[in-house]
Amino acid sequence: MLLISESVLIWDRPERWKSGSLLIVFSFSSSSSSLQEEQVKGSDAAACPQQRPLSAGRRKNLEFEPLSTTALILEDRPANLPAKSQEETQRHKLEYEEMVAGAKRRELKEAQKKKRQMKERLRQEESISHAMVIWNNDILPHWDTMKGTRRVRELWWQGLPPSVRGRVWSLAIGNELNITPELYEIFLSRAKEKWRSYSETSSVNDNCGASLADRESSLDLIKLDISRTFPSLFIFQKGGPYHDLLHSVLGAYTCYRPDIGYVQGMSFIAAVLILNLEEAEAFITFANLLNKPCQMAFFRVDHELMLKYFAAFEVFFEENLPRLFSHFQTNSLTPDLYLIDWIFTLYSKSLPLDVACRVWDVFCRDGEESLFRTGLGILRLYEDVLLQMDFIHIAQFLTRLPEDLPAHTLFTAMASTHMVSRNRRWAQVSGRAEQLSKNKLLLR
């Protein structure tokens with residue numbers, strides 16, 4: 001058999017060469033070709049005394065360019081060699097036809113796959129275009145009366161069109177803190193002033209008048225975290241188009257809330273908002289989002305409240321996925337090992353960005369319940385895989401989820417997750433944690 005690049009010539013050895021076969025491999029380049037004998041089985045010099053090396057002229061006659069990368073070429077033996085028998089010729093012809101048919105089947109399968117993908121892409125684009133008209137013309141102009149209707153909630157679940165996503169997030173999260181763009185500019189100016197002071201004095205304690213307890217709001221930590229925010233996009237790193245913008249929003253927030261300061265993970269939330277909103281609006285939404293009871297409990301690292309949220313999560317975990325829940329308990333895998341990272345970044349670090357935005361859509365619709373429902377959806381989606389893993393591999397897998405995770409499979413898993421346990425919904429099970437968080441906010 002002769003292998004020529006991705007083309008194939010089928011030859012048998014002459015009958016007088018006894019048993020065995022001759023495999024010659026041709027390799028081609030754009031300028032020249034070379035002939036290399038790779039393997040000769042069952043033959044030696046005595047078995048083929050008349051065999052002579054190919055002359056340069058004869059070697060040159062074998063040089064040609066394959067017609068295509070999938071070409072399969074059937075050739076007879078050279079004239080100087082005995083012809084194949086009719087039986088051999090027929091057998092090689094059948095082998096050749098089988099290879100050609102196999103190649104055609106693979107090409108057809110790949111073409112059908114691409115056609116399906118293109119069809120699905122066009123369907124999604126048409127769906128988004130149609131939804132965008134509905135959101136712009138019917139829903140957003142009448143937001144207060146439309147936001148709670150069944151029709152809007154169903155559209156919301158299907159995913160917000162990118163062109164209206166930021167505006168819907170902003171409206172849904174609200175502005176209970178009554179922050180204005182002017183207030184943002186004030187705190188941004190303070191941040192810039194402190195950054196200059198920090199640069200000149202190298203002081204790590206003088207952050208917007210914060211105490212030593214607020215050292216996490218230091219410029220160094222913000223800079224470090226920004227460099228690790230969506231690194232594959234290359235837009236938030238130093239020199240990128242959104243680096244300074246993200247730095248400004250985070251710096252202004254540390255001055256606005258010195259009691260919280262900067263906490264690792266905030267950069268991912270701010271980055272997602274910046275991708276969907278203008279600078280001042282991104283800051284306003286960011287500050288109000290972090291002021292929600294669940295986010296405040298986590299970013300303040302309030303262990304008592306965090307444990308209550310974990311306990312509520314485990315109630316629904318056991319209810320929905322009893323086998324996996326038991327497996328986690330057997331391996332001593334507690335929710336804090338994977339939920340903290342998910343909640344701190346609202347899944348924007350763990351999930352593909354487009355999928356994370358879909359999760360944010362539902363979070364803005366349903367509140368904190370959706371964050372834990374998403375977690376259960378992920379566990380349901382990979383239940384069979386996780387059941388085969390031990391503690392270390394589970395922790396590693398949940399920290400870095402597959403990059404090809406499709407949104408529709410996750411949302412199908414989330415739709416199959418029921419947030420009801422013993423006739424109690426999430427708000428009733430987690431209500432104590434949420435109420436404690438609200439009370440602490442009021443006391444402050």
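Which residue follows α14 and has a positive phi? The legends below take a friendly walk through this predicted model, and the answer comes with the view of α14.

**Figure 1. The whole chain, seen as a set of helices and strands.** Welcome to a predicted model with 20 helices and six strands. The chain runs to 444 residues, and 43% of them count as buried. Take the contacts between residues at least 6 apart in sequence: 69% of these join residues at least 24 apart. The close-ups that follow pick out a few of these places.

**Figure 2. Helix α14 and its surroundings.** Helix α14 covers residues 336-344, and its buried residues are Y338, L339, W342, I343 and F344. Several helices help to cover these buried residues, including α9, α11 (293-299) and α12 (303-320). The cover also includes α13 (322-330), α16 (368-381) and α18 (391-399). L337 sits in α14 as well, but it is partly exposed, with a relative accessible area of 39%. Look across from L337 to L398: the two are 61 residues apart along the chain, yet their C-alpha atoms are separated by 8.9 Å. Here too is the answer to the opening question: L346 follows α14, and its phi is positive, near 50°.

**Figure 3. Two helices that cross, α9 and α15.** Helix α9 takes in residues 266-274 and helix α15 residues 353-366; their axes come within 12 Å and cross at roughly 90°. That angle makes α9 roughly perpendicular to α15. On the α9 side, the contact is made by I269, V272 and L273. On the α15 side, the partners are L353, C357 and W360. Sorted by class, this contact has six nonpolar residues, with no polar and no charged ones.

**Figure 4. Helix α4 among its neighbours.** Which residues of α4 are buried? They are V152, L155, W156 and W157. These buried residues pack against α2, α3 (143-146), α5, α15, α16 and α19 (407-415). Just after α4 comes G159, which takes a positive phi of about 110°. A salt bridge also belongs to this view: the side chains of E154 and R150 meet with N and O 3.2 Å apart. Both residues lie in α4 (residues 150-157), four residues apart, or about one turn of the helix. E154 is partly exposed, at a relative accessible area of 43%, whereas R150 counts as exposed at 68%.

**Figure 5. A salt bridge within helix α2.** Side chains of opposite charge can pair when their charged atoms come close. R123 and E120 form such a salt bridge, and their closest N and O atoms are 2.7 Å apart. Both residues belong to helix α2 (residues 86-139), where they are three residues apart, about one turn of the helix. R123 is partly exposed, with a relative accessible area of 45%, and E120 is also partly exposed, at 33%. According to UniProt, in an unreviewed entry, residues 101-128 are listed as a "coiled-coil region". In this model that span is 100% helix and 0% strand, and its end C-alpha atoms lie 40 Å apart.

**Figure 6. A buried salt bridge between distant parts of the chain.** R165 forms a salt bridge with D361, with 2.8 Å between the closest N and O atoms. The pair links helix α5 (residues 162-173), where R165 lies, to helix α15, where D361 lies, and the two residues are 196 apart in the chain. Are these partners buried or exposed? R165 is buried, and so is D361. Elsewhere, salt bridges that share partners join R153, R365 and D366 into one network. The count for the model comes to eleven salt bridges.

**Figure 7. S248 and its contacts.** This last close-up turns to S248, which is placed in helix α8 (residues 243-256). S248 counts as buried, because its relative accessibility is 11% and the cut-off for buried is under 20%. With its neighbours within four places in sequence left aside, S248 is in contact with Y184, L188, W195 and E279.

Technical notes:
Residues are numbered from 1 along each chain as its sequence is written. This is a predicted model: local features need pLDDT of at least 70, side-chain atom pairs count only at pLDDT 80 or more; totals for chains, interfaces and linings use all residues. Side-chain values use heavy atoms; hydrogens and water are left out. Axes are lines fitted to C-alpha atoms, for helices over the stretch in contact, and angles run from 0 to 180 degrees between N-to-C directions. Angles under 35 degrees count as roughly parallel, over 145 as roughly antiparallel, 65 to 115 as roughly perpendicular and the rest as oblique. Contact means heavy atoms within 4.5 Å. Ala, Val, Leu, Ile, Met, Phe, Trp, Tyr, Cys and Pro count as nonpolar, Asp, Glu, Lys and Arg as charged, and the others, Gly among them, as polar. A salt bridge is a side-chain nitrogen of Lys or Arg within 4 Å of a carboxyl oxygen of Asp or Glu. Buried means under 20% relative accessible area, exposed over 50%, partly exposed in between (1.4 Å probe, protein chains only). UniProt positions are given in the numbering used here, feature names are shortened, and annotations may be inferred rather than shown by experiment.
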